[in-house]
Amino acid sequence: MQFCKKPSMSNPSSSWVAQFNPGDRVEISPRDVGFRGSWYAGTVVRREAKNTNRYVVEYDQLYADESGEKLLQETLDSIQLRPPPPPPEKKKVQFKFEDEVEAFYSDGWWEGAIIAEHSGGKFAVFLRGFEEQIVFEEKDLRLPVQWVKGKWEPRFEQVQREKENSNFSKEVMKFTQGMQVEVLTDEDGLKGAWFAATIIEPSGEDKYLIEYKTLRNDDDTEFLREVIRACNIRPCPPEIIVVDGFKVWDAVDAYYNEGWWVGVIAKVLINSNYEVNFIEYDEKTTFNQADLRPHQDWLNGKWVVP
């Protein structure tokens with residue numbers, strides 16, 4: 001792979017344009033609707049023409065037809081191509097709540113943000129391209145980087161985060177005694193659901209003793225209390241009034257087993273009933289609209305509606 005300077009008539013400064021050779025390994029950013037914000041591995045087949053910056057590329061894991069026998073080839077601008085990013089430094093990357101990441105999903109790398117930390121080195125990531133929250137293992141995440149003028153550079157958000165961490169301790173939301181919140185638990189059978197709770201008191205650095213409002217202890221004598229990390233606690237989401245009902249593919253929270261579970265509307269039924277698909281568990285269940293709410297994510301101290 002080589003680089004050349006491309007003169008600009010409107011800007012006296014020159015910009016760099018990557019030039020690739022047949023056989024070069026690349027990552028490809030498809031521009032098709034539904035693939036924006038993703039990068040897929042592939043190989044350069046050839047340049048489209050001698051004096052152009054368009055290339056024929058072949059994907060490693062996307063196919064031209066449903067039979068899966070022929071790999072997909074496309075002709076794309078060089079701006080949609082980049083070399084494979086270098087592996088991370090030997091120092092292990094420590095992913096944190098609210099980090100911008102790329103997650104390996106559906107055979108490609110997709111932009112997202114960590115919205116919760118789970119035990120066992122797993123993270124709940126909000127994938128913007130899918131408008132879904134999905135749990136990933138650490139090995140399937142990487143920090144996003146940019147290919148700029150022939151060099152790898154951290155994404156702007158990553159640079160800002162590193163500056164903040166070098167000058168200030170990481171800002172974590174502080175909760176007060178008696179505050180009504182929702183809590184993400186790591187209990188088997190309950191992972192991925194948010195449960196209503198009350199802050200009892202701080203319990204160590206960035207941890208709180210909470211009391212659930214719906215979950216009870218093993219003896220069923222009182223409501224369950226647990227110490228939870230602040231990154232797995234959030235304020236109660238604001239109420240959103242749904243006037244015209246939900247539509248297929250709307251992201252929702254469904255009230256089930258005393259908690260709110262993230263799902264997607266799969267089918268609209270009669271009498272304000274809906275079939276909800278819980279993608280993480282590959283299950284579908286029917287709910288009335290009264291037990292559903294629009295899904296919202298707590299990101300960077302703000303509520304975000306997909």
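Where is Gln 296 found? Gln 296 sits in the loop between strand E24, residues 292–294, and strand E25, residues 297–299. Before going on: this is a predicted model.

Is Gln 296 buried or exposed? Its relative accessibility is 5%, and under 20% is the cut-off for buried, so Gln 296 counts as buried. Its side chain also has a polar partner: a polar atom there lies 2.9 Å from the backbone oxygen of Pro 238.

Next, the cavity search. Over the whole structure, 1 cavity of 30 Å³ or more turns up. The space in the largest cavity is about 60 Å³. Which residues line the largest cavity? They are Phe 97, Ile 115, Gln 133, Trp 194, Cys 231, Asn 232, Ile 233, Arg 234, Asp 297 and Trp 298. The elements giving two or more residues to that lining are strand E19, residues 233–235, and E25. E25 is also the strand on one side of the loop that holds Gln 296. By class, the lining has 6 nonpolar residues, 2 polar and 2 charged.

Now to Glu 98. Glu 98 is placed in the loop between E7 and E8. With a relative accessibility of 16%, Glu 98 counts as buried, because the cut-off is 20%. Glu 98 and Gly 301 are 203 residues apart along the chain, and their C-alpha atoms are separated by 9.6 Å.

Strand pairing, briefly. Strand E3 covers residues 25–28 and strand E4 covers residues 38–47; the two pair in the antiparallel sense over 4 bridges. Within that pairing, Glu 27 stands opposite Ala 41 in E4. E3 also runs antiparallel to strand E7, residues 81–82, and 2 bridges join them. There, Ile 28 stands opposite Leu 81 in E7. As background, side chains in a regular strand alternate between the two faces of the sheet.

On to backbone angles. Most residues other than glycine have a negative phi. Which loop holds Ser 106? Ser 106 lies in the loop between strand E8, residues 100–105, and strand E9, residues 108–118. Phi of Ser 106 is positive, near 55 degrees. Asp 107 is placed in the loop between E8 and E9, and Asp 107 has a positive phi of about 70 degrees although it is not a glycine. As for accessibility, Ser 106 is at 43% and counts as partly exposed. Asp 107 is partly exposed too, with a relative accessible area of 32%.

Last, the aromatic rings. How many aromatic pairs are there? The count comes to 15. A pair of aromatic rings is described by the distance of the centres and the angle of the planes. One of the pairs is Phe 246 with Tyr 274: the centres are 5.6 Å apart and the planes are at 80 degrees, which is edge-to-face. Phe 246 lies in the loop between E19 and strand E20, residues 251–256, while Tyr 274 lies in strand E22, residues 273–278, so the pair ties together parts that are 28 residues apart in sequence. Both Phe 246 and Tyr 274 are buried. Separately, Phe 35, Tyr 40, Tyr 59 and Trp 110 form one aromatic cluster. Of these, Tyr 40 falls within E4, residues 38–47, and Trp 110 within E9, residues 108–118.

Definitions and conventions: Residues are numbered from 1 along each chain as its sequence is written. Side-chain values use heavy atoms; hydrogens and water are left out. Buried means under 20% relative accessible area, exposed over 50%, partly exposed in between (1.4 Å probe, protein chains only). A polar contact is a pair of N or O atoms within 3.5 Å; within protein, one must be able to donate a hydrogen and the other to accept it, and residues adjacent in sequence count only if both atoms are side-chain atoms. Two strands pair if DSSP finds at least two bridges between them. On a 1 Å grid over the protein atoms alone, a cavity is a set of points where a 1.4 Å probe fits but cannot get out, and a pocket is an open set with protein on both sides within 12 Å along at least five of seven lines; lining residues have an atom within 4 Å of a point. Grid points are joined across faces, edges and corners, and a volume is the space filled by probe spheres set on the points. Ala, Val, Leu, Ile, Met, Phe, Trp, Tyr, Cys and Pro count as nonpolar, Asp, Glu, Lys and Arg as charged, and the others, Gly among them, as polar. Rings of Phe, Tyr and Trp (its six-membered ring) pair if their centres lie within 6.5 Å; planes under 30 degrees apart count as stacked, over 60 as edge-to-face and the rest as tilted.
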